Amino acid sequence: MDFPCMNIFLCVLFLCIACILNPTFSLESCVFPAIFNFGDSNSDTGGLSATSLITLPPPYGETFFHKPAGRGSDGRHIIDFIAQSFGLPFLHGYLDSLGANFSHGANFATGGASINGGLLKVGGFSFYLNIQYEEFKQFKFRSERIREKGGIFATLMPKEEYFSNALYTFDIGQNDLIGPFLFNFSVHEVNASVINIINDFITNVKNTYKLGGRSFWIHNTGPLGCFASSLAIFPLGERDDAGCVKPYNQVAQYFNYLLREAVLQLRHDFPQAAFTYVDVYSVKYSLFEQSERYGFEHPLVVCCGYGGKYNFTIGAFCGDTITVNGTQIFVGSCERPDVQVDWDGAHYTDAANKFVFDQISTGAFSDPPIPLRMACHRNTSFFNDHMH
């Protein structure tokens, strides 16, 4: 065998080995024409702000958008990076109807939202996951009618086939867990509520499947005990090695355990769909545990806040103007948000969100370990087709 032929032979051999060792190597990348997202403030791109219940003033949005953009951050959320990775525009909030273009999907996530409220079934407001599902159901129905009428508004709606070919993303659950702690519920009580929370989550995912969803990308919840707000509210709570409130994180881990089991069951029950469980908890926790390794500084300290050990004081929130000893002080941002993890005591910075996206998009933190660009491939057949 001459030298060129040997090179070709080795290349073919390498490709065959690569396909066997890494089944994603042989799969085509998915083409998602649209994204439909469900969640809370971690992925809200303008829904809550549109309701005027809460407005996010400057310096929110300063790093990327250079103005408030309906996001609880100085820039983008993980969902924004997901959209960008597929060459899609940022998702408009379903509730943010003014000037919105829904041709490539819609975002039903709303700040403060929960799956079912956990132990806090009444009081306050929450665009529960069931409400977000009903909004999606209405959106799908009304978009069909709008397309039938034609005209300019039809161009702002997703095409019919987009609903079955879209990526459906979920990032919700932390408010069901953290909310009860604000009302002095015990860890045991919150843990006992998790099974009902998960059951409601399953119901809404099943209903979304019935409306045509086939590719599901499901985030678990992050380390609740690492935010400055948790540290301030629970100053005497037991700390872990990263300085986070240990009981809060343990509750999050229990929720994540049951959520993963639920996703495995969904995969079994609906073999025609692709369900990917994404462990954002581990990636986010690494930002607090090993911040310097990843180029971040003082991970427990808030960028946009005021006062105290963590630059966070309850009642002095990002963008507020407060009076201290007779002097008015604007609660502004830090000099370098790009090296901070915690933006405002409850949300991540643009830089931290990008770091998380870069990690999870590879599939290294997914079950099955399939990258984001392959998330349309049915998980049940993924290993059967490529590992035998």
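1. The second largest cavity has a volume of about 40 Å³ in this predicted model. The residues lining this cavity are N37, S43, I78, I79, I82, T169, F170, D171, W217 and H219. Sorted by class, the lining of the second largest cavity comprises five nonpolar, four polar and one charged residues. Three elements, namely α3 (78-85), β3 and β4 (215-219), each contribute at least two residues to that lining.

2. Helix α3 deserves a separate remark. Six of the eight residues of α3 are buried, so this helix is largely enclosed by the rest of the structure. The buried residues are I78, I79, D80, F81, I82 and A83. They pack against the strands β1, β3 and β4, and also against α10 (280-289) and α11 (350-360). After α3 comes G87, which has a positive phi, near 70°.

3. The largest cavity should be considered next. Its volume is about 50 Å³, and a search of the whole structure gives four cavities of 30 Å³ or more. The lining of the largest cavity is formed by N42, H77, I78, D171, K284, H347, Y348 and N353. These lining residues divide into two nonpolar, four polar and two charged. I78 lines the largest cavity, and I78 also appears in the lining of the second largest cavity. D171 likewise belongs to the lining of the largest cavity and to that of the second largest.

4. The pockets form a separate topic. What is the volume of the largest pocket? The value is about 1400 Å³. Of the 46 residues that line this pocket, those closest to its centre are G112, N175, L182, A346 and H347. Two or more lining residues come from each of the elements α2 (47-51), α6 (174-181) and α8 (228-233). Helix α6 gives the most to the lining of the largest pocket, with five residues. By class, the lining of the largest pocket holds 22 nonpolar, 20 polar and four charged residues. H347, one of the residues closest to the centre of the largest pocket, is also among those lining the largest cavity.

5. The second largest pocket has a volume of about 290 Å³. Its lining consists of Y94, S97, A100, F102, Q138, F139, R142, S143, I146, F153, L156 and M157. Here the classes are eight nonpolar, three polar and one charged.

6. The sheet should be described strand by strand. Six strands form an open sheet in the order β2-β1-β3-β4-β5-β8, and their pairing is mixed. At the edges stand β2 (105-107) and β8 (366-367), each of which pairs on one side only. Strands of a sheet pair through backbone hydrogen bonds, either parallel or antiparallel. Strand β5 (residues 274-278) and β8 run antiparallel and are joined by two bridges. Y277 stands opposite D367 in β8.

7. Which strands does helix α4 lie across? Helix α4 (residues 129-149) lies across β1 (35-39), β2 and β3 (167-171). With respect to β1, helix α4 runs at about 155°.

8. Finally, some totals for the chain may be noted. The protein chain has 12 helices and eight strands. Of its 388 residues, 53% are buried. Among contacts between residues at least 6 apart in sequence, 71% join residues at least 24 apart.

Terms used
Residues are numbered from 1 along each chain as its sequence is written. This is a predicted model: local features need pLDDT of at least 70, side-chain atom pairs count only at pLDDT 80 or more; totals for chains, interfaces and linings use all residues. Side-chain values use heavy atoms; hydrogens and water are left out. Two strands pair if DSSP finds at least two bridges between them. Helices (H or I, at least four residues) and strands (E, at least two) are DSSP runs, numbered from the N terminus. Contact means heavy atoms within 4.5 Å. Axes are lines fitted to C-alpha atoms, for helices over the stretch in contact, and angles run from 0 to 180 degrees between N-to-C directions. On a 1 Å grid over the protein atoms alone, a cavity is a set of points where a 1.4 Å probe fits but cannot get out, and a pocket is an open set with protein on both sides within 12 Å along at least five of seven lines; lining residues have an atom within 4 Å of a point. Grid points are joined across faces, edges and corners, and a volume is the space filled by probe spheres set on the points. Ala, Val, Leu, Ile, Met, Phe, Trp, Tyr, Cys and Pro count as nonpolar, Asp, Glu, Lys and Arg as charged, and the others, Gly among them, as polar. Buried means under 20% relative accessible area, exposed over 50%, partly exposed in between (1.4 Å probe, protein chains only).
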